[in-house]
Amino acid sequence: MAESMIKIAEVERPDILRIEDLRVHYPVRQGYSFRRGFLKAVDGVTLNLKAGECLGLVGESGCGKSTLAQSILGLVPTSGGRIILDGREVVAAGRAGRLERARVAQMVFQDPFASLNPRHTVGQSLGGPLKLHGMADPAERHHRVEEMMRKVGLRPDAVRRYPHEFSGGQRQRICIARALIVEPKLVVCDEPVSALDVSIRAQIINLLLELKNELGVALLMISHDLGVVEHMCDRIAVMYLGRIVEQGHWNEIFTAPAHPYTQSLISAIPDPMNPAAGTIRLRGETPSALDQPPGCAFNPRCDRAMPACREGSIPDFSTLSATHAARCHLLQGL
Ligand code: SF4
């Protein structure tokens with residue numbers, strides 16, 4: 001079933017990213033030929049992201065956040081749906097498709113060391129994308145690399161050094177510089193601070209926010225850390241077992257979460273002003289994406305589940321405000 005489009009309050013900014021009914025399904029086989037079914041990593045996701053906006057995508061490990069991010073960049077093949085980047089639907093597959101997308105959208109990965117080539121100097125790592133996209137001659141390339149180093153708070157003369165000569169936080173600054181040097185309109189950040197020491201996470205988060213405001217780039221911020229998305233994001237989408245279950249302005253998600261799953265996530269944030277506030281404990285484990293329960297996929301863990309949740313269809317979105325919607329049978333008819 002195609003997911004209903006959520007109406008977002010009209011802001012006079014164009015959509016940089018529009019995803020419609022996106023699916024990433026993996027066939028799972030036993031033996032050599034027997035097909036058992038599909039692992040539905042992403043199943044009918046519809047989202048939009050406006051120029052200069054920061055959208056947070058949250059959910060437990062394995063809910064499909066990273067697969068969704070990689071599919072936007074063409075790093076994993078999609079099974080259906082549409083991805084529209086900067087007004088153009090991306091259809092080309094393989095290297096050509098990735099190159100086309102990389103001009104508009106770049107990615108910052110969780111592990112900065114693993115995402116930098118250890119044999120390349122920082123200058124080569126930053127100059128490579130400019131060369132690949134034919135964006136500058138060698139002299140101008142050198143100038144732009146040094147300028148980007150300054151922007152991310154690193155010394156320009158460090159371009160001759162190798163990744164192992166930097167700290168974890170400095171390496172993530174290099175990755176951010178590499179993502180921004182081709183002047184993308186969207187940067188997908190997949191857990192960009194979770195591999196870093198707590199002491200430098202705030203520096204990287206503030207750097208991303210400063211660069212977003214200075215360059216007007218849109219951010220898709222993937223994180224399991226609700227504190228990070230609360231600090232950074234204009235809007236938040238909550239994902240569970242491959243589907244978006246709630247989406248809204250950050251303030252709506254944090255002060256009036258509507259979906260029982262979102263309520264449990266928010267309740268798990270320690271509140272120093274109210275230490276007695278209880279956490280909503282979920283029953284059991286997240287079901288396998290290979291064997292999803294019928295009806296609402298959250299029903300085995302939901303303490304408010306009704307027969308309709310187990311036997312009925314997947315709940316459609318209920319609109320709660322111009323910017324807020326959630327998928328739950330309890331909200332239908334409100
Ligand atoms: Fe819980 Fe039912 Fe709502 Fe799903 S639809 S979140 S099972 S109440």
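This talk goes through the cavities, the main pocket and an aromatic cluster in a predicted model.

I'll start with the enclosed space. The count comes to four cavities of 30 Å³ or more. The largest cavity has a volume of about 100 Å³, and that cavity is the space taken by the ligand. Its lining is made of 13 residues, and Pro260, Cys296, Cys302, Cys309 and Cys328 are the ones nearest the centre. Sorted by class, the lining of the largest cavity has eight nonpolar, three polar and two charged residues.

Now the ligand itself. There are 13 residues around the ligand, and those that come nearest are Cys296, Cys302, Cys309, Cys328 and His329. The class split for this shell is nine nonpolar, three polar and one charged. Please keep the two lists apart: Pro260 is named among the residues nearest the centre of the cavity, while His329 is named among those nearest the ligand.

Next, the second largest cavity, which holds about 90 Å³ of space. Its lining includes Tyr240, Arg243, His259, Cys296, Phe298 and Arg327. By class, that lining divides into seven nonpolar, one polar and two charged residues. Cys296 also appears among the residues nearest the centre of the largest cavity.

Two of those lining residues, Tyr240 and Phe298, bring me to the aromatic pairs. Over the whole structure, the search finds three aromatic pairs. How are the rings of Tyr240 and Phe298 arranged? Their centres are 5.1 Å apart and their planes stand at 85°, so the pair is edge-to-face; the cut-off for that label is over 60 degrees. Along the chain, the two residues are 58 residues apart, with Tyr240 in strand 9 (residues 235–240) and Phe298 in the loop between helix 9 (260–267) and helix 10 (307–311). Are these two residues buried or exposed? Tyr240 has 3% relative accessibility and counts as buried. Phe298, at 2%, is buried as well. Together with Tyr261, Tyr240 and Phe298 form one aromatic cluster.

Last, the open space. The largest pocket has a volume of about 620 Å³. Of the 22 residues that line this pocket, Ala102, Gln106, Pro129, Leu132 and Arg178 lie nearest its centre. Helix 2 (94–102), strand 6 (105–108), helix 3 (122–132) and helix 5 (168–180) each give two or more residues to the lining. Which element gives the most? Helix 3 does, with five residues. The pocket lining divides into eleven nonpolar, eight polar and three charged residues.

That's the end of my part.

Technical notes
Residues are numbered from 1 along each chain as its sequence is written. This is a predicted model: local features need pLDDT of at least 70, side-chain atom pairs count only at pLDDT 80 or more; totals for chains, interfaces and linings use all residues. Side-chain values use heavy atoms; hydrogens and water are left out. A residue is near a molecule or strand if one of its heavy atoms lies within 4 Å of it. On a 1 Å grid over the protein atoms alone, a cavity is a set of points where a 1.4 Å probe fits but cannot get out, and a pocket is an open set with protein on both sides within 12 Å along at least five of seven lines; lining residues have an atom within 4 Å of a point. A molecule sits in a cavity or pocket if more than half of its atoms lie within 2 Å of its grid points. Ala, Val, Leu, Ile, Met, Phe, Trp, Tyr, Cys and Pro count as nonpolar, Asp, Glu, Lys and Arg as charged, and the others, Gly among them, as polar. Grid points are joined across faces, edges and corners, and a volume is the space filled by probe spheres set on the points. Helices (H or I, at least four residues) and strands (E, at least two) are DSSP runs, numbered from the N terminus. Rings of Phe, Tyr and Trp (its six-membered ring) pair if their centres lie within 6.5 Å; planes under 30 degrees apart count as stacked, over 60 as edge-to-face and the rest as tilted. Buried means under 20% relative accessible area, exposed over 50%, partly exposed in between (1.4 Å probe, protein chains only).
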